[in-house]
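Biologist: I should like to take a close look at a single part of this model. Please show the sequence and the structure before we begin.

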Amino acid sequence: MPIRRVSLLLMVLLTAVLAVAPSLITASAAQAHGFSSVVFADLSHDDEGRTVTTLQLEYDLLIVSAADTQHDDALFRAGTAAFADRDDDAMAAAVRDHRDTVARYVDDRFTIGTAGDSGGACTASAIGDVTMTMQEGVPYVVISRVEQCPAAEAHIVRSTLFSDDEGYVTGTKTILTYDIDLHTGSAALDGSTPEFSTAQSTWERFWEFFHLGAEHLLTGIDHILFLLALIAGSRKLREIVLAATVFTLAHSVTFILAATKVVSLPSIVIEPTIALSISIVAAWYLVRLWRKGEAATELSRDSGPLGLDRAGWLRLLVVFCFGLIHGLGFASALGIDEPWSWTLLWSLLVFNLGIEAVQIGLIALVFPLLVLLRRRAPRIAMWATGALAVAVTLAGLIWFVQRVFGWE
């Protein structure tokens, strides 16, 4: 490929990142509950053999959606006022006082039935206890209901909660966990696959989690920028390969431990630290540029094991530590709360494989172009990667402040 085309392609890629940097800087709060949402659903049996459904729904989104579709202005006023005050008791009370409105909204968009000749739709009881919880720093309401279902060998769950046509969010995911019909496991539902059967094959479940993992990284701007900062600051192919490997190992460990509830940290710690890690990795490269200029892309003469110098090994240690934190962030996207099982482990591993597929694809796309540009036009490469590092550093710092103080 001619060098001019390579240079143009890389510059277009970097320019695109820089062009959207202003929106990225203000995007983290909006991502929390402006563009997408995650619903958490759990199906189980009670002591009497009845089906019990527990839903966790993003509070302010539920209030707006239910009030709008059911024309309940009183719910909107009470719910939004309680949300503005961050008063958990008042938020729960608003849902309890308008449980019929909320139930009608949920019944229209979250249904359970049974399969087979004797199957049919389940009939949900009134909303029972209402409590509040937090998911990734966002208030969620927890509601439970008992479902009267016809006897059958499998349950069928359909979720279109917070669908795109409501106009508030896009791409809502429903993360379903279940221990029912002699089956246990997890599933991911969205607009393209809104329905799930507990008799679904293992391959179908695993594909859903692979797709969910890939999509999670693609839509996770902070994780993408962290990876771009790693690529821009890598001097040789071995360095980015080792950095990606170390990052993968680190986040895989904490991802599985956090998703299975072995390790837990509050989102007020995880999210700001992820933002800070982005700035530190990008700023690390800026410091090296300031000190060494064009020589910043060269390894020093004191190369050690695996061909890395002291600075390279120190960078790997930092990447490993930050990878542990990013793993906790990946785990929070699933919100799975179920006992350890091999089915759960495989679901988590496949979700992680989806993340890795996107990560490897991004490295394979960007790094070879960067290497070629550094060889043919080192000054252009230096300025382009430097500008990218500046944008990423600023975005990370602003996200850090936003997440620490809970600013939207």
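How many of the 13 residues of helix H9 are buried?

Modeller: This is a predicted model, in which local features need pLDDT of at least 70, side-chain atom pairs count only at pLDDT 80 or more, and totals for chains, interfaces and linings use all residues. Residues are numbered from 1 along each chain as its sequence is written, and side-chain values use heavy atoms, without hydrogens and water.

In helix H9 (helices being DSSP runs of H or I with at least four residues, strands runs of E with at least two, numbered from the N terminus), 12 of the 13 residues are buried, so H9 is largely enclosed by the rest of the structure. Buried means under 20% relative accessible area, exposed over 50%, partly exposed in between, with a 1.4 Å probe and protein chains only. The buried residues of H9 are Asp222, His223, Ile224, Leu225, Phe226, Leu227, Leu228, Ala229, Leu230, Ile231, Ala232 and Gly233.

The length of H9, which covers residues 221-233, can be checked as well: at 1.5 Å a residue H9 should span 18 Å, and its end C-alpha atoms are 18 Å apart, which agrees. The expected span is 1.5 Å times one less than the number of residues.

Elsewhere, three strands form an open sheet in the order E3-E7-E10, with antiparallel pairing (strands pair if DSSP finds at least two bridges between them). At its edges lie E3 (110-114) and E10 (195-197), each pairing on one side only. Strand E7, residues 155-159, is joined to E3 by 5 bridges in the antiparallel sense; Phe110, for instance, has Ser159 of E7 as its bridge partner.
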